[in-house]
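With the model open in your viewer, follow the selections below in order, moving from the whole chain to its interior.

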Amino acid sequence: MINWQEKAKEEEAAYLADLADYLAIPSVRDDSKATKDAPLGPGPRDALVHVLSLAERDGFKTKNIENIVGYIEIGPEDSDEYVALLAHADVMPAGEGWDTDPFTAVIEDGKVIARGASDDKGPGLAAYYAFKMIRDMNLPLKRRVRLIFGTDEENDWTGMTRYFEVEPAPAFGFSPDAEYPIINGEKGNMQVNVTAAGTNGDKAQLLNFESGLRTNMVPGVARATVGGLTFDQVDDDFKAFLAAHPQVHGKVTLDGDEVQLELIGKQVHGSLPETGENAGTYLAHFLEKYEFGGSAAGFLAYLGTWSHDDPTGRQLGVAFEDEVMGALSMNVGIIRFNEEEGAFINYNFRYPKGISPDFIRGQLANAVSSWPHEAKIGGHSQVPHYVAPDDPVVRTLLNIYHDQTGLPAYDQVIGGGTYGRLMDRGVAFGALFPDSPETMHQVNEFALVDDLVRSMGIYGQAIYELANLPE
């Protein structure tokens, strides 16, 4: 009988060395630097090329598809179907407030600290090392297995979408990009953008407002520049506001005649908005008390009244809960306002079955009527995804998890969206353990070394057993 955890422990030193090199690549999508050779910018391409080069170094079959997605393959080439593990090489922007360089791996107190350590370079590379263990033990596989790396999971899934356009679909599989024991259900993932002209009235002037880096992050920082207000007035009001809301902090400065405000909240994953403090809606909530006019007034009210401190969407009339899939969640992820480019608010809804995207859009449109200038609603959505608990894929993975850890094994539904939903029989499987801190999309992101190594062993057995499931 194979001791998968013992085998994984033997790979720890080599794994951590390779992981440090992988984490050093700032693989954030950057369309401003996109080229034909790097359609999503140089960072995602470089990370994909790097991880495929590790596999080539170790003698595996690889394929790079247009520098936006690629895979590593093991198993018999003549098998009619294959199992897929879907990981991603891109990462979120680092954001502000790190204690260390976000793209230099620091290992201390049993943690790997860097952007991507938890989401998803650490788990993805653990899955690759599981491939190595299976190959090195010369274990027989009935099906081929592919470890596929996308390069745009944190945005619109460009790379993985392209993979499913040009490659045959896998029979089943999992994404090592969530949490244990298993994720066999994912809520629908809906983006809604509210846009309007950027106009002001004659009194207070909203010259600029910006907060948020990605739709699936709760903004941790918000900044605004206003005119028509005195520094002393805003400074006194802001100090009183911060005293009444100790969960956030900030400052007011003066630049000529313009007053500049900065508010710091708590940046977290957009699927868990209730655990963060949205800096953008807090700042709008503060500013809406002043006599702004034009579309600036509607913009601030829409954020500060309709959208503030309401992760369930109750004030917009979209709060909903399903018995199996749980409650809808709402994150205001990207916020912009200036007179040249107009107003822009991005919402990210994670919704269960039983409520429709059309209904959600309609409720936001009703609230838009409060704006004094026309605002528009647009966006797209992914439908809810669910694999039944009695599916052999789910049962097999839960058994492996319990056997290797001794921990309770149960199925669950999350608001986060993973590549697992791209497969009819796809789930998400680790690498975050139930008792481990969750730092995805946060400053000072880290993963526990022991968790990553444990996952390597779990993934090894998972690959072996899924590849050999009965027809």
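## From the whole chain to its cores

Begin with the whole chain coloured by accessibility: of its 471 residues, 58% count as buried, where buried means under 20% relative accessible area with a 1.4 Å probe, protein chains only. This is a predicted model, in which local features need pLDDT of at least 70 and side-chain atom pairs count only at pLDDT 80 or more, while totals for chains, interfaces and linings use all residues. Residues are numbered from 1 along each chain as its sequence is written, and side-chain values use heavy atoms, with hydrogens and water left out.

Switch next to the C-alpha trace, which spans about 75 × 45 × 45 Å along its principal axes.

Now display contacts, meaning heavy atoms within 4.5 Å: among those in the chain with a separation of 6 or more, 78% are made by residues 24 or more positions apart.

Then select Phe429 and Tyr459, which touch the most other members of the largest nonpolar core, a group of 65 residues; such a core is a set of buried Ala, Val, Leu, Ile, Met, Phe, Trp, Tyr and Cys residues joined through side-chain atoms within 4.5 Å. Helix 11 (residues 449-467) gives this core its largest share, 10 residues, a helix being a DSSP run of H or I of at least four residues, numbered from the N terminus.

Centre on Phe429 and, leaving aside residues up to four places away in sequence, look for its contacts, including Phe174, Tyr180, Leu397, Tyr401 and Tyr459.

Finally, select Met190, Leu263, Leu287 and Ala296, which are included in a second, separate core of 51 residues.

Key: Buried means under 20% relative accessible area, exposed over 50%, partly exposed in between (1.4 Å probe, protein chains only). Helices (H or I, at least four residues) and strands (E, at least two) are DSSP runs, numbered from the N terminus.
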